[in-house]
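Here is a short tour of one protein model, written for someone meeting it fresh. Keep the picture open while you read, and look up each spot as it comes along.

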Amino acid sequence: MGHIVNGYILPHPPILVPEVGKGEELRAQKTLNGVENVVQDICQDQPETIILTTPHAPFFKDYAYISGGEMLF
């Protein structure tokens, strides 16, 4: 059985999305740098499975939603 290698909490202000930020993304450069660092860590760890939770996923008061897809997108 596997084990948890790392865990991350990432802020994700809408301005990071180029279509929303429209050139203002650099105002969140420290956040972008942090995300890049997390990506590098994950690539280095080469995990078999990544568990992603988000308050933006479907929400139901009587059960938890779990996507069964092989890939997120």
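Why does Tyr-63 count as partly exposed? Its relative accessibility is 47%, and the partly exposed class covers what lies between under 20% (buried) and over 50% (exposed). Bear in mind that this is a predicted model.

## A nonpolar patch on the surface

Tyr-63 sits in the segment after helix 2, the helix that covers 29–45. It has company, too: Phe-60, Tyr-63 and Tyr-65 form a nonpolar patch on the surface. Put together, these three residues have about 320 Å² of accessible area.

## The largest pocket

How much space lies in the largest pocket? The answer is about 1,900 Å³. There are 38 residues lining this pocket, and the closest to its centre are Thr-49, Ile-50, Ile-51, Leu-52 and Thr-53.

What kinds of residues make up that lining? They split into 23 nonpolar, 12 polar and three charged.

## Arg-27 and its salt bridge

Now hop over to the loop between helix 1 (18–21) and helix 2, where you'll find Arg-27. Arg-27 has a relative accessible area of 67%, so it is exposed. Go 11 residues along the chain from Arg-27 and you can reach Leu-16; the C-alpha atoms of the two are separated by 8.9 Å.

How many salt bridges does a search of the whole structure find? It finds one. In a salt bridge, the side chain of Arg-27 meets that of Glu-24, at 3.9 Å from N to O. The two partners fall into separate accessibility classes: Arg-27 is exposed at 67%, while Glu-24 is partly exposed because its relative accessible area is 38%.

## Two residues with positive phi

Time for a look at the backbone. Most residues other than glycine have a negative phi. Against that background, have a look at Lys-22: its phi is positive, near 45°, and it is not a glycine. Lys-22 is placed in the loop between helix 1 and helix 2. With a relative accessible area of 68%, Lys-22 is exposed.

Gln-46 is another one to find. Its phi is positive as well, about 45°, although Gln-46 is not a glycine. You'll spot Gln-46 in the segment after helix 2. Is Gln-46 buried or exposed? It counts as exposed, because its relative accessibility is 65%.

## Along helix 2

Let's finish on helix 2 itself, with a couple of its residues. Asn-33 lies in this helix, and at 33% relative accessibility it counts as partly exposed. Pair Asn-33 with Asp-45 and you get 12 residues of separation in sequence, with 19 Å between their C-alpha atoms in space.

Asp-41 also has its place in helix 2. Its relative accessibility is 33%, so Asp-41 counts as partly exposed. How far apart in space are Asp-41 and Tyr-8, C-alpha to C-alpha? They are 10 Å apart, with their positions 33 residues apart in sequence as the count of separation.

Conventions. Residues are numbered from 1 along each chain as its sequence is written. This is a predicted model: local features need pLDDT of at least 70, side-chain atom pairs count only at pLDDT 80 or more; totals for chains, interfaces and linings use all residues. Side-chain values use heavy atoms; hydrogens and water are left out. Patches are made of residues with over 30% relative accessible area and no salt bridge: like charges are joined within 9 Å, nonpolar side chains (Val, Leu, Ile, Met, Phe, Trp, Tyr) within 5 Å. Accessible areas come from the Shrake-Rupley method with a 1.4 Å probe; for residues, only the protein chains shown count as cover. A salt bridge is a side-chain nitrogen of Lys or Arg within 4 Å of a carboxyl oxygen of Asp or Glu. Helices (H or I, at least four residues) and strands (E, at least two) are DSSP runs, numbered from the N terminus. Buried means under 20% relative accessible area, exposed over 50%, partly exposed in between (1.4 Å probe, protein chains only). On a 1 Å grid over the protein atoms alone, a cavity is a set of points where a 1.4 Å probe fits but cannot get out, and a pocket is an open set with protein on both sides within 12 Å along at least five of seven lines; lining residues have an atom within 4 Å of a point. Grid points are joined across faces, edges and corners, and a volume is the space filled by probe spheres set on the points. Ala, Val, Leu, Ile, Met, Phe, Trp, Tyr, Cys and Pro count as nonpolar, Asp, Glu, Lys and Arg as charged, and the others, Gly among them, as polar.
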